[in-house]
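Please take a moment to look over the structure shown below before reading on. The paragraphs after it are meant to be read slowly, with the picture kept in view.

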Amino acid sequence: MKSMKYNRFVYLALAALILYFPGSPSMGAENTKVIKITAKKFEYSPDKIELKKGEEVQLEFTSLDRLHGFSCPGLGIRIDIRPGQENKLKFVPNKVGTFPFHCDNFCGAGHERMTGTITVTE
Amino acid sequence: MKIDRRDFLTLAGLGGVVVVSGFGGGSTVSASAAENDFFFVQFSDTHWGFADPAINQDSMGTLRKAVEAVNSLKVQPDFIVFTGDLSHVTDDDNERRKRLSEFRNIVSQLKLKNLRFLPGEHDAGLDEGKAYKEYFGETYYTFDHKGVHFIVLDNVSDPTSNIGEVQLKWLSADLKKRNRNSRIVVFTHRPLYELYPDWDWYTRDGSKAIDLLSNYSKVAVFHGHVHQELHRNAGHISYHAAKGLMYAFPPPGSVPKKTQIPWDAKQPYKGLGFRSVNAKSRQADYPISEYSVQGEKL
């Protein structure tokens with residue numbers, strides 16, 4: 001009984017920490033790194049993402065205005081970023097390098113400069 | 001050198017037959033076959049409404065110069081196709097219509113009235129082609145000309161750059177009416193294949209269209225979007241990307257980030273132009289000639 005109370009305390013403390021630092025990378029379930037990214041005309045924030053090879057990551061996207069996309073062909077990942085909903089993309093980077101990503105849903109006059117990079121290190 | 005008749009057809013009459021030069025060194029074919037030889041002109045990525053003197057110091061005059069160049073041809077093409085991005089993108093619906101209207105007024109100065117249009121994402125990606133259709137009609141269609149079946153595909157009105165199941169079904173039904181050796185030319189804005197995905201140079205479901213077209217032995221695809229001349233052969237299909245008429249892009253992957261090539265005062269209009277495409281009834285491929293904005297053969 002005492003152990004269950006202790007576990008509940010630990011979970012609540014972890015949840016509070018995640019809520020307290022919403023824009024920072026955090027560890028989700030089963031040690032998955034979580035990175036929150038906002039998308040709006042015509043930028044991502046952050047637009048430079050650093051990851052470790054072999055380390056599972058979950059990218060959580062929020063659109064602040066309209067439909068955007070996130071495509072990183074070098075890592076073989078993409079997702080639609082729809083406003084008003086959570087858009088989660090979980091993957092394990094399997095190679096080292098710097099890989100450009102871009103918005104692949106046409107979003108307006110600055111669409112072509114809506115880009116960023118993912119850098120994966122050992 | 002200006003375009004003239006020699007650039008697309010060289011015929012020497014011999015009674016009831018003609019000798020077609022460039023056809024295996026000269027072959028005797030029937031007069032009716034030669035009569036079906038023709039050429040068309042491809043304009044692409046005119047981006048009317050774009051304004052940045054660092055990129056194009058003659059953004060209001062470039063398209064007009066190309067129109068004058070085609071008007072000066074001694075022999076007019078059978079038709080001119082505009083492979084998308086007629087106008088430059090704007091978030092303002094009224095401004096989009098203004099740009100499309102101005103573009104239409106300029107190309108109405110062409111002597112030739114057989115004009116074929118298709119949209120680019122700059123024209124149709126923000127309103128699913130609504131304004132474009134008001135000025136230019138349907139975004140996908142077919143037409144036949146002198147033994148060639150032309151298919152215009154729309155891979156831009158859906159902002160996710162999908163052709164979509166409805167259009168793919170329509171394409172499949174159209175192709176089923178052809179035989180395997182039919183001469184088929186496809187016009188698209190974006191490349192159907194993965195030309196360079198890091199720069200968004202592909203069509204998300206393009207492979208589905210390619211699968212359908214791969215059942216036919218004589219298929220050529222002419223497209224825009226990449227603002228430079230590129231050619232590729234894959235299977236039975238040849239792909240030909242066209243230069244733009246407002247700004248050029250660097251070769252895929254040659255720079256870290258895709259950016260428009262700045263205007264070079266020493267070489268104005270460099271990287272811009274249009275092309276003529278020969279279609280000969282007894283020749284499977286389509287010889288292409290590239291021209292500068294002013295109509296100089298390159």
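What follows is a walk through a predicted model, beginning with chain A, passing to chain B and ending where the two chains touch.

Chain A contains 1 helix and 10 strands, and if you follow the chain from its N terminus the elements come in the order α-β-β-β-β-β-β-β-β-β-β. Of the 122 residues in this chain, 25% are buried. When contacts in chain A between residues at least 6 apart in sequence are considered, 57% of them join residues that are at least 24 apart.

A good place to study strand pairing in chain A is the hairpin made by strand 6, residues 68-72, and strand 7, residues 77-81, which run antiparallel and are joined by 5 bridges. Strands of a sheet pair through backbone hydrogen bonds, and they may do this either parallel or antiparallel. Within this pair, A:Phe70 has A:Ile79 of strand 7 as its bridge partner. Between the two strands of the hairpin there are 4 residues, and A:Gly76 takes a positive phi near 70° there.

Elsewhere in chain A, the loop between strand 1, residues 26-27, and strand 2, residues 33-40, holds A:Thr32. Is A:Thr32 buried or partly exposed? A residue needs 20 or more other C-beta atoms within 10 Å to be called buried, and 12 or fewer to be called exposed; A:Thr32, with 14 C-beta neighbours inside 10 Å, counts as partly exposed. Measuring from C-alpha to C-alpha in the model, A:Thr32 and A:Ile49 are 15 Å apart in space, while 17 residues separate them in sequence.

Turning now to chain B, we can begin with an open sheet of 5 strands, which are arranged in the order 6-5-4-13-14 and whose pairing is mixed. Strand 6, residues 115-118, and strand 14, residues 288-291, are the edge strands of this sheet, since each of them pairs on one side only. On average, and with direction ignored, neighbouring strands of the sheet are turned by 20° against each other.

The individual pairs show what a mixed sheet looks like in detail. Strand 4, residues 38-43, pairs with strand 5, residues 79-83, in the parallel sense over 4 bridges, and in this pair B:Gln42 has B:Val81 of strand 5 as its bridge partner. Strand 4 is also joined to strand 13 of chain B, this time by 5 bridges and with the two strands running antiparallel; here the bridge partner of B:Val41 is B:Ser276. Strand 13 in turn pairs with strand 14 in the antiparallel sense over 4 bridges, and B:Arg275 stands opposite B:Glu290 of strand 14. Of the 6 residues of strand 13, which spans residues 274-279, 5 are buried, so this strand is largely enclosed by the rest of the structure.

Helices of chain B can be read in a similar way, by asking where their buried residues point. In helix 2, residues 62-71, the buried residues are B:Thr62, B:Leu63, B:Ala66, B:Val67, B:Ala69 and B:Val70. Seen down the helix axis, these buried residues fall within an arc of 160°, so they line one face of helix 2. They pack against strand 4, strand 5, helix 3 (93-107), strand 13 and strand 14 of chain B.

Helix 7 of chain B, residues 206-213, has B:Gly206, B:Ala209 and B:Leu213 buried. Viewed down the axis, these fall within an arc of 65°, so they too line one face of their helix. The elements they pack against are helix 6 (165-175), strand 9 (183-188), strand 10 (218-223) and strand 12 (237-241) of chain B.

The loop between strand 10 and strand 11 (230-234) of chain B contains B:Gly224, which is buried, with 27 other C-beta atoms within 10 Å. Leaving aside neighbours within four places in sequence, B:Gly224 is in contact with several residues, among them B:Ser44, B:Thr83, B:Asp85, B:His189 and B:Gly244. B:Asp85 lies 139 residues from B:Gly224 in sequence, yet their C-alpha atoms are 8.4 Å apart in space.

Finally, the two chains meet where 14 residues of chain B are in contact with 12 residues of chain A. On the chain B side of this meeting there are 4 nonpolar, 4 polar and 6 charged residues.

Terms used:
Residues numbered from 1 in each chain as written. Chains lettered and ligands numbered in written order. Predicted model: local features only at pLDDT ≥ 70, side-chain atom pairs only at ≥ 80, totals over all residues. Contact = placed C-beta atoms within 7 Å. Nonpolar A, V, L, I, M, F, W, Y, C, P; charged D, E, K, R; others polar. Pairing = 2+ DSSP bridges. Axes fitted to C-alpha atoms, helices over the stretch in contact; angles between N-to-C directions. Arc of directions from axis to C-beta.
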